[in-house]
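Reader: I'm new to this one. Could you walk me through how a few of its helices get their labels?

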Amino acid sequence: AAGKVMVTGGAGYIGSHAVLALLDAGHEVVVVDNLVTGFDWAVDPRAVLVVANVADDAAVRGAIRDHRVHAIMHFAGSVVVPESVADPLKYYRNNTAATRSLIESAVAGGVPHFIFSSTAATYGTPARVPVQEGDPTIPINPYGMSKLMSEAMLRDVAAAHPINYAALRYFNVAGADPVGRSGQSTVGATHLIKIAVEAATGRRDAVSVFGTDFDTVDGTGVRDYIHVSDLAAAHVAALELLVANPADSHILNAGYGRGFSVNQVLDAVDRVTNRTIERRYEGRRAGDPAELIADNRAILAALVWQPRRDDLDTIVTDALAWERTLAERGR
Ligand code: UDP
């Protein structure tokens with residue numbers, strides 16, 4: 001075999017779906033995950049699991065050598081925006097500094113391709129909607145800044161060393177593997193669709209709606225929700241692009257180019273479950289932009305990739321099925 005793809009954070013939500021997409025496409029995979037927020041049972045048994053921090057140079061360099069790693073997909077990191085405001089150094093450690101170590105290990109180990117989990121939070125309050133990759137990046141929280149700093153390192157390292165990269169700027173990731181192999185298992189999740197399906201399955205009694213006075217279709221915040229399996233497939237396509245054109249790197253918005261308001265999302269959950277979740281209308285959450293939608297023309301042009309589950313009810317249906325699986329398993 002030609003060696004493996006290293007997936008950091010492969011025991012987590014998006015990473016575990018990327019592992020499935022890679023395996024389904026015939027790649028071999030080695031996961032590096034410290035299992036702080038991930039779960040060993042979320043890693044497909046066809047993958048090798050190395051339990052280590054991505055900043056553990058000895059463990060990472062050993063895995064690169066032993067598994068002849070030819071590409072790294074880097075999902076590991078901390079992802080809760082309000083936590084990043086309260087504890088910024090955790091984000092500069094787990095995201096920026098850990099990524100610096102991992103890139104150094106990649107260069108030292110001669111790994112030619114690197115795919116990075118970036119975020120629409122790098123834009124801060126976007127200059128315009130839909131937002132384009134070349135628009136100003138002025139993060140409004142440490143989470144977004146920690147990821148933007150990682151993008152800057154990749155840009156500079158790719159200019160100096162034989163490595164190319166794709167940074168995918170994720171919009172709002174939701175849903176679960178359509179055949180039920182993985183999903184969002186995060187304890188104490190803060191993301192809207194996860195919270196809504198928790199309410200729909202009786203794990204919580206209501207959903208708070210943060211802000212009703214935004215300048216949007218119905219006053220609630222609008223986001224571009226992308227199905228996690230489409231996002232995982234985009235990573236596999238990005239790997240193929242990096243291999244085909246080793247001189248070129250890419251920063252790409254990963255979204256569908258359309259938005260739904262909080263109320264529209266909750267309407268979809270009510271529709272899919274044929275129930276009515278209680279909504280508690282509350283004030284705005286700090287740092288929430290009114291509207292965040294991807295201009296996705298660049299990713300559609302660059303990758304051999306087509307969204308397959310770009311329908312809000314489909315996303316909610318898959319998220320709900322996984323939530324029921326978690327409940328059945330007592331998790
Ligand atoms: N939101 C909400 N109630 C919740 C969680 C989120 O009204 O319990 C809103 C939030 O204010 C934003 C949208 O839903 O307008 C998406 O928020 P989420 O935390 O899912 O993702 P973010 O866009 O902050 O990355």
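Reader: Which residues in H6 meet which residues in H8?

Author: Leu192, Ile193, Ala196, Val197 and Ala200 in H6 meet Val262, Val265, Leu266, Val269 and Thr273 in H8. Meeting here is contact: C-beta atoms, placed from the backbone, within 7 Å. Helices themselves are DSSP runs (H or I, at least four residues), numbered from the N terminus. Bear in mind that this is a predicted model, where local features need pLDDT of at least 70, side-chain atom pairs count only at pLDDT 80 or more, and totals for chains, interfaces and linings use all residues. Residues are numbered from 1 along each chain as its sequence is written.

Reader: How do you know how H6 and H8 cross?

Author: Lines are fitted to C-alpha atoms over the stretch in contact, with angles from 0 to 180 degrees between N-to-C directions. The H6 and H8 axes come within 10 Å and cross at roughly 35 degrees.

Reader: What makes residues of H8 count as buried?

Author: A buried residue has 20 or more other C-beta atoms within 10 Å of its own (exposed is 12 or fewer, partly exposed in between), with C-beta atoms placed from the backbone. In H8, Val262, Val265, Leu266, Ala268, Val269 and Val272 pass that test. They cover an arc of only 150 degrees around the axis, so they sit on the same side of H8. That arc is taken from the directions from the helix axis to the C-beta atoms.

Reader: What covers the buried residues of H8?

Author: The cover includes helix H6 (192-200), strand E13 (279-282) and helix H10 (312-328). A strand is a DSSP run of E, at least two residues.

Notes:
Two residues are in contact if their C-beta atoms, placed from the backbone, lie within 7 Å.
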